[in-house]
Amino acid sequence: MADLAAEYLSRIEDFKKQHALISSEDPAALFMRLNGGELAALDEGVSQGRWLLNGKLLHSDRDASREAARAAAAFGSARALVCVSVGAGYILGHLPATVRDVLIIEPNPFCLAAFFLSAEFKKCRARLTLYTDALTATDALETILPWLQGKNLKQTLIYVHPAARAADTALYTRAYERVVQLFEKRSVNQATIVKFQRLWNKNIFLNQRVMPTAGTLHDLLQLPAPEAIVLAGAGPSLAESFGELRANRDRFVLIAADTAVVPLAKAGIYPDLAFAADPQWVNHHFAETSDAAHAAWVMDPVVCPQIPRALAMQSTRLFFWNNVFLSDRVLRPADRGDVAHGGSVSTNAFDMATRWLLNRRAGSGPGRLILVGQDLSFPNRQAHCKGAVLEAQVYARSHRLSAMEQHNLRQMRALPVLWVKGIRQARVATNAKLAIFLEWFAARAAEKDPLIRLINSTYDGAHIAGFEHAPLGLALEGLAAARFSVPAVREARSPAGERMAKLIEDLATIARLMQENARLSLIAAPDQKSLQKLNANDEHFKSLKTAKDIAALAQQALILKITEHGEDVNAHEFYHAMARAALEVRHWARKVALG
């Protein structure tokens, strides 16, 4: 079998010369774990061309090539393929010329070995990316997201190798479900990009008015770590936890999502830290109450500007973390610290809380991170906690033709309903968006750090895999009273005056270039001089990389139409949109620069 291993490693090197291999584990180590029966099956495959997984052929016994050609004929309209296994790879040599990119996801070490040893990949004209992983983690496929960038989803097909799925149904069904979940998550992310594309830059610029005098995430993480942190969301069952939160308030640090601040304050419970990240204007209601100033607020630079501005007027302690968007990277004077993102502000807070608890003194025992109000579902057909600001607004607008119950029903059915394991019920209703958060928490729990106990004390809602589930009183048992306070920020950071001035200048240049090209693009039969001017303006536009990329964020809907959806956008529409975006961003930048 030594010759077989040597051939396997040689074929991997051949593959890597033309294609890409992404593996969570060394392929050589995967091969070494194959048992005697699997090695014998591989030897038979090399010598006789018969590849059997669990005693079942991975291809037709009569004519594997003809079978593969019939299967490949179904991909005539595709430009890219995501293949959950290709077995021994016979289908690769028959793919239509229109298929330019193929991502192969192979969770089975035997099929991985068969793929390389058959060497059928050498017959493929498309660019191959092979990703191998057992896919036990719910977020295992996050690694392949860069491959999906720029791919038109309408022309990207998912293929599951029928024989491999028949031979190992559980593994390949899980792999297929992971792929579908990834596509759904990507669709949700793109919808978010389109929805907020014009808000992000605007908010980052307007928040420059308070960020220079605010603290950073690094400042918070340097504070002494507590023994226990309770993280409160605004799920429907949060009100059921008010009694125990009040009775034990001096035994933990309370972190709240911005949506939970008002319901908690109405119950006489004041968080130590409040987290906010949503860019929408409606979210400013969460900080309207004077009770909001009891907490120190930790925020994303894209947060609705009225929140930090209103809080600053009350001398509230403010802290910000880094944002990935270029406008924040350009304007921030120093690194503030990063947080992980799972689509919800509660995931931001969870990441910060786990890192903070890991700073506890050696030998002090495991810290506790306890969740409340994280229903991640619609128990009893409710969408929000009683007393939540947005729910109060719905009540204020309700009438006999539009009642609160109808609002909750619309929230439940805005996306397809999914049923998951419940805490107090066998099953509870959730949806694709909440399922993303649920899977994110489960994935973090799977990383299990012995220095932190993860406890879900949410009264009702979805069961989170990997968490202990216990009533809040029991989760807090044995904790001593402890005082906690967040000090004021001692020093202010200098604002980005010079960088802002340069950015404003470049944005004005982009607006001028794009307006001129928009006019020139309308000429039906342009002469040589007009074409040269168009090309020169395009090159100048590309050279202003920072300002160009910042302006482009405000036109993601148009860019996604071109890169992801394969739709035709005429030159005039593109130039006009980029000119408008540059002028819009310049307006907000000047507003801050001029005070």
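**Note on the predicted model: strands, cores and helix H4**

1. Strand E9 (residues 228-232) runs parallel to E10, the two being paired over four bridges. Within this pairing, alanine 232 is found opposite alanine 256 of E10. It should be kept in mind throughout that the model is a predicted one.

2. Strand E10 (residues 253-257) has five of its five residues buried, so the strand is largely enclosed by the rest of the structure. The burial concerns both faces: Val253, Ile255 and Ala257 point one way from E10, while Leu254 and Ala256 point the other way, and all are buried. Ala256, which lies opposite alanine 232, thus belongs to the face that also carries Leu254.

3. For the protein as a whole, 23 helices and 18 strands are assigned, and 52% of the 595 residues are buried. The accessible surface amounts to about 27,500 Å², with 52% of that area belonging to carbon and sulfur atoms. Where contacts between residues at least 6 apart in sequence are considered, 70% of them join residues that are at least 24 apart.

4. The largest nonpolar core comprises 66 residues, and Leu42, Leu92 and Leu95 are the members with the most contacts inside it. Helix H5 (residues 109-118) gives the most to this core, contributing eight residues. A second core, separate from that one, has 42 residues, among them Ala296, Trp321, Val345 and Phe467.

5. The surroundings of leucine 95 deserve a look of their own. When neighbours within four places in sequence are left aside, leucine 95 is in contact with Ala72, Phe75, Leu81, Val102, Cys124 and Arg125. One of these contacts, Ala72, is a buried residue of helix H4 (residues 64-72).

6. In helix H4, Ala64, Ala68 and Ala72 are buried; they cover an arc of only 65 degrees around the axis, which puts them on the same side of H4. An α-helix has 3.6 residues a turn, so residues three or four places apart point the same way. On the other side of H4, by contrast, Arg66 and Arg70 are exposed, and the helix therefore has its buried alanines on one side and these exposed arginines on the other.

7. The start of H4 has a further feature that can be checked in the coordinates: a side-chain oxygen of aspartate 63 comes to within 3.3 Å of the backbone nitrogen of serine 65.

Note on methods
Residues are numbered from 1 along each chain as its sequence is written. This is a predicted model: local features need pLDDT of at least 70, side-chain atom pairs count only at pLDDT 80 or more; totals for chains, interfaces and linings use all residues. Side-chain values use heavy atoms; hydrogens and water are left out. Buried means under 20% relative accessible area, exposed over 50%, partly exposed in between (1.4 Å probe, protein chains only). The arc is that of the directions from the helix axis to the C-beta atoms. A polar contact is a pair of N or O atoms within 3.5 Å; within protein, one must be able to donate a hydrogen and the other to accept it, and residues adjacent in sequence count only if both atoms are side-chain atoms. Contact means heavy atoms within 4.5 Å. Accessible areas come from the Shrake-Rupley method with a 1.4 Å probe; for residues, only the protein chains shown count as cover. A nonpolar core is a set of buried Ala, Val, Leu, Ile, Met, Phe, Trp, Tyr and Cys residues joined through side-chain atoms within 4.5 Å. Two strands pair if DSSP finds at least two bridges between them.
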